[in-house]
Amino acid sequence: MRLLERARKEWFMVGIVVAIGAAKLEPSVGVNGGPLKPEITVSYIAVATIFFNSGLSLKTEELTSALVHLKLHLFIQIFTLAFFPATIWLFLQLLSVTSINEWLLKGLQTVGCMPPPVSSAVILTKAVGGNEAAAIFNSAFGSFLGIVVTPLLLLLFLGSSSSVPFTSIFSQLFMTVVVPLIIGQIVRRYIKDWLERKKPPFGVVSSSVLLMIIYTTFCDTFSNPHIDLDKFSLVLILFIIVSIQLSFMLLTFIFSTRFPRAGLQTCTTMPGSSFLVFKTYIKCHFFCCWWDSLRITRVSHQRTQWLSFSAPHTSPSRWGFQC
């Protein structure tokens, strides 16, 4: 009984395990062109649902107030698109003398140059009681910046050029992020009283959609079983990712608490529940770790096209713009 109650409480973590297991059993269901059509249902409908859901759940005042936190936005974008890629590059210079598969290292650098994830960043921020409105703005703004900045970073750190379909990526981000968010805000104006009275489970809806994204991503991975990577390198990369995630999490926490004038104080909607927030954040941290490992492995597997965002069967969403 206690086990069932625990599983019900940790349904999202259980859902991740179930999603991975289902993807392993029959990956053909969730691959591109499969019955689920993830190139449509995930890349467009799922992400649009998450931001429509956020538009419904957030008060307009919260969104507008989030826009004026310029110091916070500046810190996040510089940290994500400048400090983090540069630090990863320096770290990889040390790892380059080891026996770790070079394509895993290049995959790590590639993922390090990516903009903030769109949907998962918003959902996980909400899960730990963080500032969801600020997460939405920075995820969307960072993704738009990434259209230009990420290829330049890849050229700078990896010395290879890449072609980016700016128009298609920009229009996809606009239609799946900005438009659903605005529509959600408009709909909220008409059903505001009903929402405040009924309090729909917005978090459950968004997390369920994220499970679908996780499922289709693993289906795509398991459909390519012949990944020529040694287990030692994979395990070592996972350990490195965990260390990097924890180190940068600690760094940002120290910076935000030691320098309150910078305007980066932690924002939580759960006052008096610091331990709960910390536990949830750690769970989200490990979710990010294996998610990064998966992305790195996929980048490593696609050796012949890993710098070409316009590769015929590599959509922008598969390079982290949506997930």
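**Figure 1. Close-up of glutamine 109, a buried residue of the predicted model**. With a relative accessibility of 1%, glutamine 109 counts as buried, because the cut-off for that class is under 20%. Glutamine 109 belongs to helix α6, which covers residues 102-112. Once neighbours within four places in sequence are set aside, its contacts are Pro85, Ile88, Trp89, Leu92, Phe157 and Leu158. Leucine 154 is separated from glutamine 109 by 45 residues in sequence, yet the two C-alpha atoms are 8.1 Å apart.

**Figure 2. Close-up of lysine 37 in the loop between α2 and α3**. The flanking helices are α2 (11-25) and α3 (38-57). Lysine 37 is not a glycine, but its phi is positive, at about 50 degrees. Most residues other than glycine have a negative phi. The relative accessibility of lysine 37 is 37%, and the residue therefore counts as partly exposed.

**Figure 3. Close-up of lysine 199 in the loop between α9 and α10**. Helix α9 spans 166-198 and helix α10 spans 202-222, with lysine 199 in the loop that joins them. Here too a residue that is not a glycine has a positive phi, about 50 degrees for lysine 199. Lysine 199 has a relative accessibility of 63% and so counts as exposed.

**Figure 4. Close-up of helix α12 and the segments of pLDDT below 50**. Helix α12 (residues 274-301) has a mean pLDDT of 47, the lowest among the elements of the protein, whereas α3 has the highest, 91. Residues 266-286 have a pLDDT below 50, and this stretch makes 30 contacts in the model beyond near neighbours in sequence. Over residues 301-323 the pLDDT likewise stays under 50. For residues 301-323 the model contains 78 contacts beyond four places in sequence. Across the protein the average pLDDT is 76, and 76% of the residues score at least 70.

**Figure 5. The whole protein, as context for the close-up views.** The predicted model has 12 helices and 0 strands, and its pattern along the sequence is α-α-α-α-α-α-α-α-α-α-α-α. Of its 323 residues, 46% count as buried. Among contacts with a separation of 6 or more, 82% are between residues 24 or more positions apart. The protein exposes about 16,900 Å², of which carbon and sulfur atoms supply 70%.

Terms used
Residues are numbered from 1 along each chain as its sequence is written. This is a predicted model: local features need pLDDT of at least 70, side-chain atom pairs count only at pLDDT 80 or more; totals for chains, interfaces and linings use all residues. Side-chain values use heavy atoms; hydrogens and water are left out. Helices (H or I, at least four residues) and strands (E, at least two) are DSSP runs, numbered from the N terminus. Buried means under 20% relative accessible area, exposed over 50%, partly exposed in between (1.4 Å probe, protein chains only). Contact means heavy atoms within 4.5 Å. Accessible areas come from the Shrake-Rupley method with a 1.4 Å probe; for residues, only the protein chains shown count as cover. pLDDT is the predictor's confidence in each residue, from 0 to 100.
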